[in-house]
Amino acid sequence: SMALLFIDIDHFKNINDSMGHDAGDELLVEVAKRLLACVRESDLVARIGGDEFAITLLDMGNPTQVTHIVNNIVEVMARPFLVQSREVNVSASVGISLFPENGSDLSTLTKTADTAMYQAKIDGRNTYRFFSSEIQNRVMEQNSLEIALRKAISNDEFSMHYQPQVDTVSGRIVGLEALIRWQHPDWPNIGPDRFIPVAEECGLLPAIGKWVLYSACRQAVKWREDKEINFDYPVAVNLSPSN
């Protein structure tokens, strides 16, 4: 039996962007040293590109042995690294595929390990996931959601709702909070808590934030120009730091 691990360094791009690629290369060397220290001589550790590593664990009697090693990997990766005399913190997302349960050939094992790693990232990073059919279904749904989100702005599928902000002492309305909603035929009850993380993961949050800000400002102007309602409230808008 064998286990294939796919390991992605969480937020590695932040190191390259803030400290430069030389620092990123130095970090990768230190990551490789820690990974090698977590496995046996019979195992293989490889960098497969960018900030991704793969490990093959040979002769694994049961998933408990794999879990022990992977727990150790996640733990040591969360410890601070010293890069260019500065302390930096990263973590790792790990996907695990077992042979022969999750695939009998390299292509299938690679795909299932990558799928499990993607689920680990969805679940908050700094963790690991074993591949399962349930995870595969969730990742497929996540991919469908991402494709639909890319079309949502151009198809005008978003709408804005405005929640009153009330002074708890006087009971008076003191402002409004702009809240985005997505009206999609396949996901009629999907909330921002579900699609906003997906938008952040695939880089769509700046575009959505721009749409929210524009829509809220436009609506506020309309209300202010309507003399019949005497609108004079601030409108709060939630934006991501990436905006």
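I will talk through the sheet of this predicted model, the helices that pack on it, and one lysine in helix α4.

Let me begin with the sheet, which is open and is formed by 5 strands in the order β2-β3-β1-β6-β7, with mixed pairing. At its edges stand β2, residues 44–49, and β7, residues 128–130, and because each has a single partner strand, one side of each is left without a neighbour in the sheet. From one strand to the next, the twist averages 20 degrees.

Within that order, I would like to look at β1, residues 2–10, and β6, residues 91–99, which run antiparallel and are joined by 9 bridges. Asp10, for instance, has Ser91 in β6 as its bridge partner.

Now to the helices. Helix α2, which covers residues 21–38, packs on the sheet and touches β1, β2 and β3, the last of these being residues 52–58, and the direction of α2 makes about 15 degrees with that of β3. Helix α4, residues 106–122, also packs on the sheet, where α4 touches β1, β3, β6 and β7, and its direction makes about 145 degrees with that of β6.

That brings me to Lys121, which is found in helix α4. Is this lysine buried or exposed? Its relative accessibility is 12%, and since the cut-off for buried is under 20%, Lys121 counts as buried. As for what surrounds this residue, if we leave aside the neighbours within four places in sequence, Lys121 is in contact with Asp8, Asp10, Ser93 and Glu201. Asp10 is thus a residue we have met already, as the bridge partner of Ser91.

Definitions and conventions:
Residues numbered from 1 in each chain as written. Predicted model: local features only at pLDDT ≥ 70, side-chain atom pairs only at ≥ 80, totals over all residues. Heavy atoms only, no water. Pairing = 2+ DSSP bridges. Helix = DSSP H or I, 4+ residues; strand = E, 2+ residues; numbered from the N terminus. Axes fitted to C-alpha atoms, helices over the stretch in contact; angles between N-to-C directions. Contact = heavy atoms within 4.5 Å. Buried < 20%, exposed > 50% of the residue type's maximum accessible area, 1.4 Å probe, protein only.
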